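Colleague: Hi! Could you walk me through the empty spaces in this model before I set anything up?
Modeller: Happy to; here it is.

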Amino acid sequence: MNVVIASSSIDGGIGCWDLQTGAEQLRYKTCASPPHGLASIGCCFLACSQLRDPSATSGHVLYWSWSKPQAQVKSFPAEPIKPLAANSEGSYIVGGGSSGDIYFWEVASGRLLKKWHAHYRAVTCLVFSEDDSVLISGSEDGCVRVWSLFMIFDNVRQQQASHLYEYSFTEHTLRITDIVMGYGGWNAIIVSASEDRTCKVWSLSRGRLLRNVVFPSIIDAIAIDPGEHVFYAGSRDGKIYIAALNAESPPSNNYGLHIIGSLTDQSKPVTCLAYSAEGNLLLSGSEDGMVRVWDVKTKNIIRMFRHSKGPVNNILIVRLPYPFTRTESKVQASSRRHESLRPPLEKYANSSDEDMDNKAIIALPDTIDLPSYLSSQLINDHVKQLQQQGSSAAAEMEVKRLKLDGQRSMEMFQQLKKVYDNLQEFCVNELLDGQAMEGSKGN
């Protein structure tokens with residue numbers, strides 16, 4: 001079941017609709033999110049950064065389970081968090097701070113595993129690569145930086161390197177508004193948008209600029225089609241421009257080099273975009289509070305969702321593992337309760353993190369291209385849980401054995417009682433027969 005999730009910078013909650021039918025599923029309350037501040041954590045629950053006042057010196061992060069409209073977990077980071085991103089498995093959350101710092105939390109424990117100074121000004125965008133090995137960040141300083149998580153968690157390499165980032169792209173002159181990344185891990189392309197009215201296409205493997213596209217207006221949102229032939233750019237003039245990624249395109253009379261068309265319905269500025277590969281649908285959010293679903297082949301709007309109030313500034317397309325239903329099994333209900341019980345995010349790193357036992361561990365699975373990151377503290381917690389489960393299992397087996405022994409004892413008792421009753425009946429009958437024979441002789 002694919003659902004559309006949309007939030008607003010005004011406290012209008014989070015809307016949720018079925019992408020296929022358009023039916024509203026649930027509305028999550030009390031949410032005022034900054035751009036890129038909404039994330040789906042491994043399709044298990046929602047997380048959203050809250051910043052009601054842009055000049056505020058504090059903020060918080062909320063968790064919602066899919067089945068309940070009220071936020072269930074509230075965290076208070078050390079500073080206001082604007083963008084949020086999660087890896088594909090939902091085991092880690094990354095947040096970008098107003099100071100330019102990036103925070104790396106472990107979801108299962110809430111522990112702050114890493115914090116590093118990434119930019120000179122506030123972080124505006126955070127994106128994980130498809131294989132979760134690379135993190136891309138954008139900032140108000142106009143810089144796009146590429147971070148290898150191997151480097152971030154490798155203290156030896158950090159001491160030898162002059163800086164933490166793999167690449168620092170500084171060709172933009174104003175604030176970064178959006179970043180998207182293609183497929184292919186380190187061979188992928190990166191597309192960045194800025195308030196300087198340009199979108200730039202970068203090669204991750206070569207670390208250089210491939211294409212610069214100049215637009216008639218500021219671009220606040222971008223999305224790449226799955227084939228990576230074109231990308232879509234949502235503009236403040238209300239249009240969604242279509243720009244060529246790989247194909248050569250001559251200058252257009254209406255636009256400029258590499259811009260090959262547009263989608264428009266004369267709406268207010270486009271603030272966010274999302275692409276659904278199923279059906280080749282493009283979703284756009286705008287300042288008029290509407291979410292529009294476009295058929296990219298016909299360039300027509302096929303469905304519209306209305307947010308409760310305020311401009312839409314975040315859109316997610318999430319494939320849920322089960323549909324929303326009024327009635328659900330006990331297993332599903334228990335699973336949903338478990339999903340909502342995540343600890344809040346730590347405000348500061350624990351001082352014990354300096355100990356080797358609590359350092360993050362990089363575990364290499366079968367393929368090196370798909371790394372996973374686990375803290376030894378979480379591994380120890382899992383071991384304790386398994387030990388407790390083992391003790392519980394042993395106790396359960398002992399109870400079953402005692403019950404079986406009791407049942408066997410009861411069966412033996414019933415058999416002995418039956419033998420006793422038969423013996424007693426035999427003795428009584430023999431006694432009565434003897435008395436009858438003596439009486440007959442006397443007569």
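Modeller: What follows is a short chat about the pocket, the cavity and one strand residue. This is a predicted model, in which local features need pLDDT of at least 70 and side-chain atom pairs count only at pLDDT 80 or more, while totals for chains, interfaces and linings use all residues. Residues are numbered from 1 along each chain as its sequence is written, and side-chain values use heavy atoms, with hydrogens and water left out.

Colleague: What volume does the largest pocket have?
Modeller: About 1700 Å³. A pocket here is an open set of points on a 1 Å grid over the protein atoms alone, with protein on both sides within 12 Å along at least five of seven lines; lining residues have an atom within 4 Å of a point. The volume is the space filled by probe spheres set on the points, which are joined across faces, edges and corners.

Colleague: And how many residues line the largest pocket?
Modeller: There are 47, with Val127, Phe128, Tyr275, Leu316 and Ile317 nearest the centre. By type, the lining has 29 nonpolar, 12 polar and six charged residues. Nonpolar covers Ala, Val, Leu, Ile, Met, Phe, Trp, Tyr, Cys and Pro; charged covers Asp, Glu, Lys and Arg; the others, Gly among them, are polar.

Colleague: Which strand gives the largest share of that lining?
Modeller: β28, with seven residues. Strands such as β12 (123-128) and β24 (270-276) are among those that each supply at least two. Strands are DSSP runs (E, at least two residues), and helices are runs of H or I with at least four, numbered from the N terminus. The chain has four helices and 30 strands.

Colleague: Switching topic: how many cavities of 30 Å³ or more turn up?
Modeller: One in the whole structure, holding about 30 Å³ of space. A cavity is a set of points where a 1.4 Å probe fits but cannot get out. Its lining includes Asp265, Arg292 and Trp294, and divides into four nonpolar, three polar and two charged residues.

Colleague: Back to β28. Is Val312 buried or exposed?
Modeller: Val312, which lies in β28, is buried, with a relative accessible area of 0%. Buried means under 20% (1.4 Å probe, protein chains only).

Colleague: What does Val312 touch further along the sequence?
Modeller: Leaving out residues up to four places away in sequence, its contacts (heavy atoms within 4.5 Å) include Ala6, Thr271, Cys272 and His307. Val312 and Glu287 are 25 residues apart in sequence, with 6.0 Å between their C-alpha atoms.

How values were computed:
Buried < 20%, exposed > 50% of the residue type's maximum accessible area, 1.4 Å probe, protein only.
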